[in-house]
Amino acid sequence: MAITIRLATIDDLQGMQNANLSNLPENYTFKYYLYHLLSWPQASFVATTTDPELLEQDETQVTDIKKDTQYVRSGEKIVGYVLGKMDDDPDSTDKETPHGHVTSLSVMRTYRRMGLADKLMRQCLFALCENYKAEYVSLHVRKSNRAALHLYKDTLKFEVLSIENSYYQDGEDAYYMKKKLKLDELLASTFQNAQEEDDLESDLLEGIVVDGVSAL
Ligand SMILES: CC(C)(COP(=O)(O)OP(=O)(O)OC[C@H]1O[C@@H](n2cnc3c(N)ncnc32)[C@H](O)[C@@H]1OP(=O)(O)O)[C@@H](O)C(=O)NCCC(=O)NCCS
């Protein structure tokens, strides 16, 4: 099962909204999704999976696609998304510094704990920084949301700035979190295989060849 992470397009919005409805109590109008993509077309991403059998079929023949709201098109279905934006709140306390905001993130239940949210977030942060010159990004998270808190605080190194009492409609408090963005730190090459520093001089195949020969 291959999973692709790519920029979200208008065609994906229905699937993103459906994923949001399945995964989170904070839901938005279709217009608000559209507003994100029209205003910041480089800031939102989807994770999709493809079913090679369905890809080969004509969409009109695949009746199941019509029933499954996660399908974007024949053979491709949304399994996660991140909805990102630049802060355009007229009441913002920081109008001087361009900064981004993550409106929503979710991954369908059967695709969790595979690193998808981590990758979606990193793409979004990189895009906000590179395309819109965001100097930092902020978000809100429920105090009880352990999975998201681990992702933001431990994996992505967001800082907790404040606790916003009764932020959510059901009365739960939110952590207001922020992460400073530095383009070089957000490059995929910085965090992928980050443990192994390449000195750019030694022969990369040396160890592999020796190990391979001695194992024979
Ligand atoms: C929060 C959510 C997006 C995480 O998605 P995911 O794809 O499973 O996350 P990842 O696989 O990328 O995991 C990222 C990190 O979080 C950790 N994590 C994921 N789920 C966890 C859980 N239930 N409890 C504790 N840690 C968890 C992973 O172990 C990983 O940590 P590591 O970097 O130390 O290895 C997903 O659980 C979800 O969609 N939840 C419902 C919607 C939601 O809460 N959205 C966030 C709103 S603010």
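# A walk from helix 5 outwards

Start by selecting helix 5 and colouring its buried residues: Leu116, Ala117, Leu120, Met121, Arg122, Gln123, Cys124, Leu125, Ala127, Leu128 and Cys129. Buried here means that 20 or more other C-beta atoms lie within 10 Å of a residue's own; with 12 or fewer the residue is exposed, in between it is partly exposed, and C-beta atoms are placed from the backbone. Helices (H or I, at least four residues) and strands (E, at least two) are DSSP runs, numbered from the N terminus.

Before you click on: this is a predicted model, in which local features need pLDDT of at least 70 and side-chain atom pairs count only at pLDDT 80 or more, while totals for chains, interfaces and linings use all residues. Residues are numbered from 1 along each chain as its sequence is written.

Zoom out for a moment. You should have 9 helices and 8 strands on screen. Of the protein's 216 residues, 27% count as buried. Among contacts with a separation of 6 or more, 68% are between residues 24 or more positions apart; a contact needs C-beta atoms, placed from the backbone, within 7 Å.

**Helix 5 and the core**

Back to helix 5, residues 116-132. Put a distance label on its end C-alpha atoms: they are 23 Å apart, which agrees with the 24 Å that its 17 residues should span at 1.5 Å a residue. The expected span is 1.5 Å times one less than the number of residues.

Now select the largest nonpolar core, a set of 37 residues in which Met16, Tyr81, Val82, Leu120, Cys124 and Leu128 touch the most other members. Helix 1 (13-23), helix 2 (30-39), strand 2, strand 4, strand 5, helix 5, strand 6 (136-142) and strand 8 (174-180) each give this core two or more residues. Which element gives the most to this core? Helix 5, with 9 residues. To build the set yourself, take buried Ala, Val, Leu, Ile, Met, Phe, Trp, Tyr and Cys residues and join them through C-beta atoms within 7 Å. In soluble globular proteins, nonpolar side chains tend to be buried together.

Pick Val82 next and show its contacts. Leaving out residues up to four places away in sequence, Val82 touches Ser44, Phe45, Val102, Leu105, Leu120, Met121 and Cys124.

**Across the sheet**

Switch to strand 4 (residues 76-86). This strand is largely enclosed by the rest of the structure, since 10 of its 11 residues are buried. Pairing below means that DSSP finds at least two bridges between two strands. Step through the partners:

- Strand 1 (residues 3-7) runs antiparallel to strand 2 (residues 45-50), with 5 bridges between them. Select Thr4 and you'll find Thr48 as its bridge partner in strand 2.
- Strand 2 is joined to strand 4 by 6 bridges, again antiparallel. Thr48 is opposite Ile78, and Val46 is opposite Tyr81.
- Strand 3 (residues 71-73) pairs with strand 4 in the antiparallel sense over 2 bridges. Look for Arg73 and its bridge partner, Glu76.
- Strand 5 is antiparallel to strand 4, and 7 bridges join the two. Leu83 has Ser104 opposite in strand 5.

**Around the ligand**

Next, select the ligand and the 21 residues around it; Arg112, Ala117, Asp118, Ala147 and Thr155 come nearest. Strand 5 (99-107), helix 5 and helix 6 (146-155) are the elements that give this shell two or more residues. To count as near, a residue's C-beta atom, placed from the backbone, lies within 6 Å of the molecule. Helix 6 gives the most, with 7 residues.

Colour the shell by residue class and you get 10 nonpolar, 6 polar and 5 charged residues. Ala, Val, Leu, Ile, Met, Phe, Trp, Tyr, Cys and Pro count as nonpolar, Asp, Glu, Lys and Arg as charged, and the others, Gly among them, as polar.

Click Ala147, which is in helix 6. Is Ala147 buried or exposed? Exposed, because Ala147 has 12 C-beta neighbours inside 10 Å. Draw a line from Ala147 to Arg112: the two are 35 residues apart along the chain, and their C-alpha atoms are separated by 10.0 Å.

**Two backbone oddities**

Last stop, the loops. Lys133 follows helix 5 and sits in the loop between helix 5 and strand 6. Its phi is positive, near 60°, in a residue other than glycine. With 14 other C-beta atoms within 10 Å, Lys133 is partly exposed.

Then find Ser166 in the loop between strand 7 (159-164) and strand 8. Ser166 isn't a glycine either, yet its phi is positive at about 50°. Ser166 is exposed, with 10 other C-beta atoms within 10 Å.

Key
Two residues are in contact if their C-beta atoms, placed from the backbone, lie within 7 Å.
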